Amino acid sequence: MASKEFEWYVKTDLSRYKGRYVAIVDNEVVASGINAKKIIEEVKRKRPNKKPLIAKVPGEETLIQNY
């Protein structure tokens, strides 16, 4: 069973974050950037009692292949 944050991530247009990491808490991007560790630290400061979903938004260079 997927988390509500993951379901929101899949359905939401996050194209403005292409190639960047995002931290999602309660269906909201609370931090973004190119360094996942810094994002996690930022989320701990902003929402210390929450566990975020951290994901990298695919960029144009992303290729998914099915073998």
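Q: What makes a residue of this predicted model count as buried, and how much of the protein chain does so?
A: Buried means a relative accessible area under 20%, exposed means over 50%, and partly exposed lies in between, with a 1.4 Å probe and protein chains only. Of the 67 residues of the protein chain, 27% count as buried. The model is predicted, so local features need pLDDT of at least 70 and side-chain atom pairs count only at pLDDT 80 or more, while totals for chains, interfaces and linings use all residues. Residues are numbered from 1 along each chain as its sequence is written, and side-chain values use heavy atoms, with hydrogens and water left out.

Q: Which helices and strands does the protein chain have, and in what order do the elements run?
A: Helices (H or I, at least four residues) and strands (E, at least two) are DSSP runs, numbered from the N terminus. The secondary structure comes to two helices and three strands, and from the N terminus on the elements run α-β-β-α-β.

Q: Why are β1 and β2 called paired?
A: Two strands pair if DSSP finds at least two bridges between them; strand β1 (residues 21–24) and β2 have four bridges, in the antiparallel sense, and therefore count as paired. In β2, V29 is the bridge partner of I24, and S32 is that of V22. The two strands form a hairpin with four residues between them.

Q: What is notable about phi at D26 and N27 in the loop between β1 and β2?
A: Most residues other than glycine have a negative phi. D26, although not a glycine, has a positive phi of about 50 degrees, and N27, also not a glycine, has a positive phi of about 60 degrees. D26 has a relative accessibility of 34% and N27 a relative accessible area of 33%; because partly exposed covers the range between 20% and 50%, D26 falls in that class, and so does N27.

Q: Why do β2 and β3 stand at the edges of the sheet?
A: The open sheet of three strands has the order β2-β1-β3, with antiparallel pairing. β2 and β3 (53–56) each have a single partner strand, so one side of each is left without a neighbour in the sheet. Neighbouring strands are turned by 20 degrees against each other on average, direction ignored, where axes are lines fitted to C-alpha atoms, for helices over the stretch in contact, and angles run from 0 to 180 degrees between N-to-C directions.

Q: How do you know that helices α1 and α2 pack on the sheet?
A: Contact means heavy atoms within 4.5 Å. Helix α1 (residues 4–11) touches β1, β2 and β3, and its direction makes about 25 degrees with that of β3. Helix α2 (residues 36–46) also touches β1, β2 and β3, and its direction makes about 155 degrees with that of β2.

Q: Why is the pair of F6 and Y9 called tilted?
A: Rings of Phe, Tyr and Trp (its six-membered ring) pair if their centres lie within 6.5 Å, and planes under 30 degrees apart count as stacked, over 60 as edge-to-face and the rest as tilted. A search of the whole structure finds one aromatic pair. The ring centres of F6 and Y9 are 6.2 Å apart and their planes stand at 35 degrees, so the pair is tilted. F6 and Y9 are three residues apart in helix α1, and therefore separated by about one helical turn. F6 has a relative accessible area of 38% and is partly exposed, whereas Y9, at 17% relative accessibility, counts as buried.
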